[in-house]
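Here's a short set of exercises to work through with the model open next to you. Try each task before you read its solution.

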Number of protein chains: 2
Amino acid sequence: MHSAVILLICAGAVFLVSGDPVSEGDGVHPRSPRVKRAPGDSERDCTATPPYIPPTAKDTTDLLRRLRQGMQSSAYFAGSIQAYIIPAGDAHLSEYISERDQRRAFISGLSGSSGTAVVTNDGSGGGKAAVWTDSRYFLQAEQQLDCNWILMRQYEEGVPTIVEWLVSELGPGGRVGIDPHLVSISTWQEYADALEADGTGKTLLGISDGNLVDDVWDDRAPPSTAPLITQGLNYTGKSWEDKITDIREKMTEQNADALVLTKLDEVAWLVNLRGSDVPFNPVFFAYAIVTANTAVLYLDTNKVTDDVRSHLRLGCTTGVSCVQVEAYDTLLSAVEALAADSGIRKIWISSASTTYAVFSKVPESKQILDASPVMKMKSKKNAVEQQGLKNAHIRDAVAKCEYLMWLEDAVPGGSVTEISGADYLQQLRSRQRDYMGLSFPAISASGPNGAVVHYRPSEETNRPITTSDVYLIDSGGQYKDGTTDVTRTVHFGQPTDYQRETYTLVLMGAINEFLQVFKQGTFGIRLDQAARAPLFSYGLEYGHGTGHGLGSFLNVHEDPYFGGSAGVPVGEVGTFITIEPGYYEDGQFGIRLETLAMVKEADTKYNFNGRTYLTFEPVTLVPFQEKMIKFDMMNENQLTWLNDYHRMVRETIGPELQRQGKNDVNDWLMKNTQSFETSRISSGAKAVSSIFLLAIAAMCSVFST
Amino acid sequence: MHSAVILLICAGAVFLVSGDPVSEGDGVHPRSPRVKRAPGDSERDCTATPPYIPPTAKDTTDLLRRLRQGMQSSAYFAGSIQAYIIPAGDAHLSEYISERDQRRAFISGLSGSSGTAVVTNDGSGGGKAAVWTDSRYFLQAEQQLDCNWILMRQYEEGVPTIVEWLVSELGPGGRVGIDPHLVSISTWQEYADALEADGTGKTLLGISDGNLVDDVWDDRAPPSTAPLITQGLNYTGKSWEDKITDIREKMTEQNADALVLTKLDEVAWLVNLRGSDVPFNPVFFAYAIVTANTAVLYLDTNKVTDDVRSHLRLGCTTGVSCVQVEAYDTLLSAVEALAADSGIRKIWISSASTTYAVFSKVPESKQILDASPVMKMKSKKNAVEQQGLKNAHIRDAVAKCEYLMWLEDAVPGGSVTEISGADYLQQLRSRQRDYMGLSFPAISASGPNGAVVHYRPSEETNRPITTSDVYLIDSGGQYKDGTTDVTRTVHFGQPTDYQRETYTLVLMGAINEFLQVFKQGTFGIRLDQAARAPLFSYGLEYGHGTGHGLGSFLNVHEDPYFGGSAGVPVGEVGTFITIEPGYYEDGQFGIRLETLAMVKEADTKYNFNGRTYLTFEPVTLVPFQEKMIKFDMMNENQLTWLNDYHRMVRETIGPELQRQGKNDVNDWLMKNTQSFETSRISSGAKAVSSIFLLAIAAMCSVFST
C-alpha cells in the first residue's frame, strides 16, 4: 500500500520532468509554399495567360466601362474627372450598410465591411481600378475580384495609400471625384490635402447632386420600409427624456448650442427606438439635432406609427421633454438653418462620424468638432443594460452549447457543412426568448476557410465540417435585451500538435487579457499587448483588433476598441468589450477565441491612495475545448482562471439548460467544464526544480523497489 | 539517513503548502494618517496660524512684490499685465537648464525639472502665486514653497490646469504675459486659445524684449564659457558629414528646403561635439540650420578653438560637406532671412521642441511642423554607440557594485548619510575610464525620502542610511562612450514583509517588461502596462513613466518613452530605454528598480510570414538584492529571467572586476548573483496541486516517524 502510493507519486514526478513528449521536438512548423494558381483553384491568378478568375469573382468589365462614361461626361459636373473614389460607407458612415448603399461591393465584387475602390479614367474608355482593404479581406478579395482590379493590401509595407496612388497615377490638373455624403471629414481632408500638396493642380471634387455608381446600378434595391421597434425601460434602463437631459448637460459643458447626431446607433440609442433598415444592426435611417430646448428626429415619417407616436409623446410642442419629427431628407437644410441662426453660436458635430456633406454646411466659426457625447455614454452600460446583456449571453450560450454538442454527434457522419451548420445554429438561437435575428453574418469556417478572418460561407466556398479540420464558429444574435458575439474554435477529430500549440497561445492571450488589472480611464491601446504577448513570444501574430465594444440590442461593433487611444476608454465600470485574439495559418486553419467581457471593480489586496482598480468579468459563457489545450504551456494563474471560468460556465448555464429541459446538453456541459486538476499537476510540477524531483526520484527508487 | 532526506523534503513541502507565513494574514497595509504639520516637521502647513514653513522653503515675499511692480509697469510693454507665466525651460526647451535659466526655481523656490509658475497682479501690489508640478515633486514642493505659493497638483482630479485657473482668476480683458523664448508652440497655442475661448477679451501677450524675472534676479549667473569637446568616430560611429547627408535625405522626403534644429542634444549629436553649458547633460548652447547645400551652427564663437575648427573643417566655404559658424544670437534673424528667401519654399521646424519665438518667425505657408528627424535617428544607436553604451555600463556597474559592497560594511557603523554615500559613489565612478561627470543629481534616499520620487538630498533633508530603512540609489554617470542611469533599492537590515512584497511586485514588473516580445515600430504606450500589471493586480501603482531613452554621452532623458504613442517608437533594433517601475509609500519608503535595456531581435520558435520580432536585452548589470525578493510571488518565467540575468551579471562584470584587481568586489558579486535554485523549489512547488502535496505529506509522516 505504501509503496503503491510512492509509485504513483514517482510516476507523476517522472511525467512532470519530461513534460509533453510531443511538443518539444518538432521545431519550426513547415509553411506551405506559394504555388501558382491554377484552374479550379479558389483564388485568381492575373499573371496567368489567360488570367485565371475563380467562379466567386464578379465580372466588372461592362460596369467599369459604363462608370467611366459617367466620369468622362455627366450632368453633375462640368468637364470630366480622371478618378472617382467609391467609399464603402453610407450617409451615416455605418459599418453594416443596406444593400442599396453597397456601392463599393457592387462595383468591384468585393463584399466585406472594409474597403475603398478607386477607378481612374484615361479619357478613352480605359483606366485602372483598385480596391484598398485590410488583412481581414486579403484572401476574400483574391476570390471575389476579377482581373480588372488591383488589390491594394492596406497597411502592408510598400503598398501606396489611396492618395499616394492617385498622385502617381494622375497627370497635372487631375480631378478626383467623390460623393461627399459618403466620406468622413478627416478622410475628405486627407484626400484634399494630399492632392493639393502634390503642387500640380490636382483637386478633389465633391459630387453631391448624384452618385455615378448609382447611375450604372440597374437593379438597385428600393429604400427600406421596415417598421420601428420601441424599447421600454425594462431594456434600456433610462428614458429618452433622461438621456436628452444628460446630453444637454454635456452640451453645456462644451458650450454647444446644438448637437447634430448622424450615427444610426447613436440616434437609436438616444430615443430608445430600434429598426431594421440595415442588415444585422437594429437601426433605422435617421438623424437627430438637439438644442437646449428642442430635439428633432429626421426620419422616414411613414414609419411614425401610433406606437412610435406614443413612445415619443408626439404632439407635445413646447418644453424640453418634447421631440419633433421631420422628414429624413430635410436634415441638410436644418443644419443650414442652424448655421444661419444668430442665436446658435456653436454646433457640435462628431469629429469621427460626420460626413463631409454635413460638415461643410457648418461655418468654421460655429464648429465644435469633438467625439459625440452619445458615443461615450452608450459604451458605459447601466445596471439594466448590464443585466440584459448577461441574460442574453446566457440564452445565447444555451444555443451555442447545443450546437457544439450536436456537431460532435453529426460531424463524423459527414453531412454537415459550414452553411448547414450555421443555419442550424441560427435555428437553435431563434428558439431562445427575445431573439431578433443575427448580429452579423455567421463566420462558419472549416479548415483553410478559417484563415479568412471575416469569412462568410457562400455556395462557392462552402466546405464540409469534418473530423480532420479545425472548425471556427464566430456568430452572434440580436436579442431585445442585448447583442451577442462569440467565437469558439473546435476540432472533432485529432488536432495536430501545431494546431493545439497555436490554440493554446490564443487562449493564453485571452486569459492574459482577462487577468489584467488597470486604472479607471485606461484606453484600449494600453491593454492590447497583453492579448498578443503569448503569440509574439512564439513569433506569431494576428492581423486584426483584439476586441470591440458592443451594443445593448444595437450595433455589434461600437467603441471602445482595444486599439483605441482617444475618445472612449475601456477603463469604465459597465463597459462591455470582446476579447478575441486569434491565429491564422494561411491555407490551413484559423483559430479565434472571442469572449465578451464586462469591466468591473477588481478585488485587490490593497487600494493605493484609496483608489479602485478595474478588471474584466467574462460575460460569454461557452466552454473552451480541452483537447485543443496544451496545459503544459500555461502558467498557474492561467490554469486557475480557466478552471474558474469553466466553473462559472457550469454554474450559470447549467441551471438554464435544466430550466429549458435540455438535460442532454447539460450533461455535455458538465463533461466539458470539468476541472483540469490532473493537468494542473503536470504543469505546476514543471516549475519544480529538477534537483527536487531527482531527490524524490531517488527516494522513490529506495522505497519502492 | 533516508529518513533525514525525507524530513528535509517534507519540511520543504509543508513550507510550500503554507506559503510565506507572514504575508498572507496581514491584510491591508496600515497607512499613516495625515497629521497636521507642526514646527520641526519637514513640510509646510499654510492652514496653521501662523503658517508653519519648514527651513527648506524659500522666502519669496519680497521677490513677488518686485515682480508685481514689473507686471504693473515695464519698458517692455504698454499698460499692465494681470498675470505672468514663468515656464521652467530655457530657449531650447531643455530639461536640465543652466542656473541662469532657472527662473521658475528662482522665483518660487521649487527646484526639480518640472513645474510652471504663474503670478497674478491685482494692481495694488498683491495677487496670487501658484506653481503646477507633477506627482514626482509633490512632497518636494511642500518642503520648498513658502505660503505665498499654491501648489497645483498637476493631473490630479479637481486640480485646474494653468489656463482654467487663469480664466477663473482674471477679470474681463485680463492680459497674461509670457516670454515667447521659453514656451513651446503647442503650449503657447493652448494658452492663447483657452484665453480667447473664454470670450471676455483675455489675451496672451508675448513679452520678448526682456524677462521680468531676470529683472528682479540680482545675483544671476553669467553665461557659460565652458569649452567644447570633440567626439571621434570611435565614440560616434558616424561622422557629422554622414549625419548631415542622412538629414538631407529626410529633408528631401519631406520636401523641406531648410531644417531648424533648436534642441541642444540634437545639435550636439549632429556635429559630434559636446559641451558643459548646462548641468549633467554634455551639451552647449547652439542652434543649427541645414539646407540642401549649407549647414550653419549658431553658437558662442569664442568656443571655436583650433581643435573645434579642425573637427568641423572650418575654412571650407562651399560644398555640401561644409559647415559655417555664426554667433548664437543671430539665429532669429537667420530664420527671418530664410522666411524671406523665395528660394526656400518649406522650413522644417520640430513641432515638439521649438519655441514660439522661433516658430513665429516662419510664415504658415512655409512651415513643415513635424518631429525633428534627428530625434528618431539619434534614438536608434549604431553598432559603435551600442558597444560604447554597453562598455560604459560595465564600468558603471563596477562602481555601483563596489558602492553596494561598501555600504553593507559601512552602514551598520552609522556614519553614512545620503549625501556622504552619494559622494562616495561619485568618487568610485570617477576612477573609471572616460568618466566625465554625473548624468543627473544622484537620488540617494533613505527611508521616507525614497518616496520623494525625484528626491535630491540637501543639508536640510539629509538622513543617515541605516539598517532599519529601505535605501534607494538612482544615479548615473557621463562617460565618453555612453550615458548611464541605474536605480537599485536595498535594505541593510531586516526589511518588513510589506517592503519585500512591494519590492517583489516592482521587480516582477521590470521582468515582465523584459519578457515582452513585440513588433517593429511598436510605440511605448503599448508596452507600458506590462511593467505596471503586477502592482495593479495588488491595487498599487507608481506615478511616473516606466522608462525613457538615453543618449550616447548625451542627455539622460531622450525619446522614446514608454508612455509615447507618436514620434519615436521603442520597436527599433538598437533603441536604448530604461525599464524602471517603482512603488512609493508616502512617508515610509520608496522602491525603484531601473535597468537599461537595448532592443534586439527576439529568438522566437516561429517567424510569422518571415517577420522578425523584437525584445529587450539588459544593459545595466547590477544585482537585485535577494533578501528583498519574495520568490513565492514570482512565476517560473520570471525566476528563470532573474537567474539568467544574475548569470549575465557575474559573467560580464566579474572579469572586469578581476581586470581592475577588485577581487573583494568580485567575491561580493559572486555571492550576490548566485542562482536562486532553493527558492525556485519553493515557488515551483506552490504550483503543485494540494492533493499531490498532501500525498507527499502523508507519505512523509509514515516514513519519517
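**Exercise 1. A glutamate in a helix**

Task: Find the helix that holds Glu402(B), and decide whether Glu402(B) counts as buried or exposed.

Solution: Keep in mind that you're looking at a predicted model.
- Start with the place: Glu402(B) sits in helix H15 of chain B, which covers residues 383-410.
- Next, take the accessibility. The value for Glu402(B) is 12%, and the cut-off for buried is under 20%, so Glu402(B) counts as buried.
- Finally, look for its neighbours. Leaving out residues up to four places away in sequence, Glu402(B) touches Leu428(B), Lys662(B) and Val665(B).

**Exercise 2. Overall build of chain A**

Task: Work out how the radius of gyration of chain A sits against the globule rule.

Solution:
- Get your bearings with the inventory: chain A has 22 helices and 28 strands.
- Now the comparison. The rule gives 27 Å for 705 residues and chain A comes out at 28 Å, which is close, so chain A is as compact as a globular protein of that length.
- For the outline, the C-alpha atoms of chain A fill a box of roughly 100 × 70 × 50 Å along the principal axes.
- Then check burial: 58% of the 705 residues of chain A count as buried.
- The contacts add to this. Take those in chain A between residues at least 6 apart in sequence, and 71% of them join residues at least 24 apart.
- Last comes the surface: chain A exposes about 26,900 Å², with carbon and sulfur atoms supplying 51% of it.

**Exercise 3. Nonpolar cores**

Task: Which residues have the most contacts inside the largest nonpolar core?

Solution:
- The largest core has 82 residues, and the ones with the most contacts inside it are Phe616(B) and Leu642(B).
- Apart from that core lies another, of 81 residues, with Ile577(A), Phe616(A), Ile629(A) and Val649(A) among them.
- As background, nonpolar side chains tend to be buried together in soluble globular proteins.

**Exercise 4. A strand pair and its crossover**

Task: Trace how E11(A) and E12(A) pair, then give the hand of the crossover.

Solution:
- Strand E11 (residues 295-299) and strand E12 (residues 324-327) of chain A run parallel, joined by 4 bridges.
- To find the register, note that Val296(A) stands opposite Gln324(A) in E12(A).
- Follow the chain onward from E11(A): it passes through helix H11 (residues 306-311) to reach E12(A), a right-handed β-α-β crossover.

**Exercise 5. Unusual backbone**

Task: Where do the cis prolines Pro50(A) and Pro560(A) lie, and which residues other than glycine have a positive phi?

Solution:
- Here's the background: most peptide bonds are trans, and most residues other than glycine have a negative phi.
- Thr49(A) and Pro50(A) are joined by a cis bond with omega about -10°. Pro50(A) belongs to the loop between helices H1 (2-18) and H2 (61-72) of chain A.
- Another cis bond joins Asp559(A) to Pro560(A), with omega about 0°. Pro560(A) is in strand E23 (residues 558-561) of chain A.
- Turning to phi, one such residue is Leu93(A), at about 50°. Leu93(A) lies in the loop between strand E1 (83-86) and helix H3 (103-108) of chain A, and at 18% relative accessibility it counts as buried.
- Phe553(A) also has a positive phi, near 50°. Phe553(A) is in the loop between strand E22 (548-549) and E23 of chain A, and is buried at 2%.

Notes:
Residues numbered from 1 in each chain as written. Chains lettered and ligands numbered in written order. Predicted model: local features only at pLDDT ≥ 70, side-chain atom pairs only at ≥ 80, totals over all residues. Heavy atoms only, no water. Pairing = 2+ DSSP bridges. Helix = DSSP H or I, 4+ residues; strand = E, 2+ residues; numbered from the N terminus. Right-handed = clockwise from strand over helix to strand, strands pointing away. Rg over C-alpha atoms; globule rule 2.2 N^0.38 Å. Buried < 20%, exposed > 50% of the residue type's maximum accessible area, 1.4 Å probe, protein only. Contact = heavy atoms within 4.5 Å. Areas by Shrake-Rupley, 256 points an atom, 1.4 Å probe, with all protein chains shown as cover. Core = buried A, V, L, I, M, F, W, Y, C linked by side-chain atoms within 4.5 Å.
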